[in-house]
Amino acid sequence: MAHLALRNIEKRFGAVSVIHGISFDVEDGEFVVFVGPSGCGKSTLLRMICGLESVSSGDVEIDGQVMNSVPAARRGLAMVFQSYALYPHMTVYQNMAFGLENLATPQPEIERRVAEAARMLKLDAYLQRKPTALSGGQRQRVAIGRAIVREPRIFLFDEPLSNLDAELRVEMRSELSALHRRLGATSIYVTHDQTEAMTMADKIVVLRAGRVEQVGAPLALYNAPANKFVAGFIGSPRMNFFPATVMAMDAAGITLDVPGVGVLRALATGTQVGAAVSVGIRPEHIALAGTGDNDATGAVASVEQLGGLSYIRLAAPDLVVQAPGQTGLRPGDTATLHLPIPAIHVFDAEERALPKTAA
Ligand SMILES: Nc1ncnc2c1ncn2[C@@H]1O[C@H](COP(=O)(O)OP(=O)(O)OP(=O)(O)O)[C@@H](O)[C@H]1O
Ligand SMILES: [Mg+2]
């Protein structure tokens, strides 16, 4: 168990700068998830924490000790990769034991740790098999087992479930969460999967082009994104955005002119009349029935029925509605929408979220 601190980390590959001054803390026992678009620096950051990659400037600290020049093998961390990286010629037992043998761990201790990890991961029956004789999920368990037996201070996971099919991902997701509850180990987990990020994380770090956009609990990011990027990145389907102009302000909020939508009220402050802003509303917060207040109408372009819920895409205004259950709407119909005032987010010209007034 360990506390990790990144202090103003920068990374350059030759002349190319990819990480531009990143700082945050991972508390002892915390499960932190990194999300962000492809190429934003998630893997590079993990590799710098782990010691597979040097930092160009700044400090990686574990329990208050600067790790920058400590070799990977001596940092006490273990990394699990998307590719599993198992040795094909070794059995499951040998794959799990290999790292410990390299550290000259006594044999009885190796056997004890492998047996315990195998029991935890339900791999007891497969210890003498080669990886080629295992399913994808079993292989990924071996990769996780190999990390567990090292009893690392911090677990690092780089998209460990992305090679698995949807059903297995869901199963492995809950197994990994259960494992974390049981071991209580500090963990950093990279994923592209919204559900994994929302359900597994104590804290999400949203990265964009080598910078931190926001750090917070999953629901804090969902409910109160700090800027338009985080608002668009957290949540699926993505938040709908519209350009708008502030028409009026009062103690309760603001009145917006939203071309193609109409006049909307929002619980925002800290702007001025005439300001150009963006309005955002999540597909799941739009209701398919007018109330006479903050309503809009639009032409249905397409409908996707998933049984338990429906996605309705409108052409004008261009937006997506996620409705519970099934819908009778068809392409060409006119839909009446309600955009609840508390569900409306407003972003300034620099894409920062405007503070909300009390409802
Ligand atoms: N060894 C390297 N030399 C030069 N550039 C590199 C090197 N490794 C990574 N990069 C660059 O650094 C940036 C961050 O890469 P990184 O692999 O960390 O992204 P990522 O967020 O993990 O992306 P993905 O979601 O696709 O895995 C990218 O622009 C990448 O091209
Ligand atoms: Mg990556």
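Which residues surround ligand 1? In this predicted model, the ligand is enclosed by Phe13, Val16, Val18, Gly36, Ser38, Gly39, Cys40, Gly41, Lys42, Ser43 and Thr44. Two elements, β2 (16–26) and α1 (42–50), each give two or more residues to this shell. The largest share, 3 residues, is supplied by α1. Sorted by class, the shell around ligand 1 holds 4 nonpolar, 6 polar and 1 charged residues.

The protein chain as a whole contains 8 helices and 19 strands. Along the principal axes, its C-alpha atoms fill a box of roughly 75 × 45 × 35 Å. Of the 359 residues in the protein chain, 37% are buried. When contacts between residues at least 6 apart in sequence are considered, 64% of them join residues at least 24 apart.

The protein chain is divided into two parts, domain 1 (4–232) and domain 2 (240–347). The centres of domain 1 and domain 2, taken over C-alpha atoms, are separated by 39 Å. To the contact between them, domain 1 gives 4 residues and domain 2 gives 5 residues. On the side of domain 1 that touches domain 2, the residues comprise 2 nonpolar, 1 polar and 1 charged by class.

Attention then turns to one of the sheets. Strands of a sheet pair through backbone hydrogen bonds, in either the parallel or the antiparallel sense. In the protein chain, an open sheet of 6 strands follows the order β6-β7-β8-β3-β9-β10, and its pairing is mixed. The edges of this sheet are formed by β6 (77–81) and β10 (211–216); each has a single partner strand, so one side of each is left without a neighbour in the sheet. On average, and with direction ignored, neighbouring strands of this sheet are turned by 15° against each other.

At one end of this order, β10 is paired with β9 (residues 203–208). The pairing of β9 and β10 is antiparallel and extends over 5 bridges. Within this part of the sheet, Arg208 stands opposite Arg211 in β10. The edge strand β10 therefore has a single partner strand and one side without a neighbour in the sheet.

Definitions and conventions
Residues numbered from 1 in each chain as written. Chains lettered and ligands numbered in written order. Predicted model: local features only at pLDDT ≥ 70, side-chain atom pairs only at ≥ 80, totals over all residues. Near = placed C-beta within 6 Å. Helix = DSSP H or I, 4+ residues; strand = E, 2+ residues; numbered from the N terminus. Nonpolar A, V, L, I, M, F, W, Y, C, P; charged D, E, K, R; others polar. Pairing = 2+ DSSP bridges. Axes fitted to C-alpha atoms, helices over the stretch in contact; angles between N-to-C directions. Buried ≥ 20, exposed ≤ 12 C-beta atoms within 10 Å, placed from the backbone. Contact = placed C-beta atoms within 7 Å. Domains from an automatic or database assignment.
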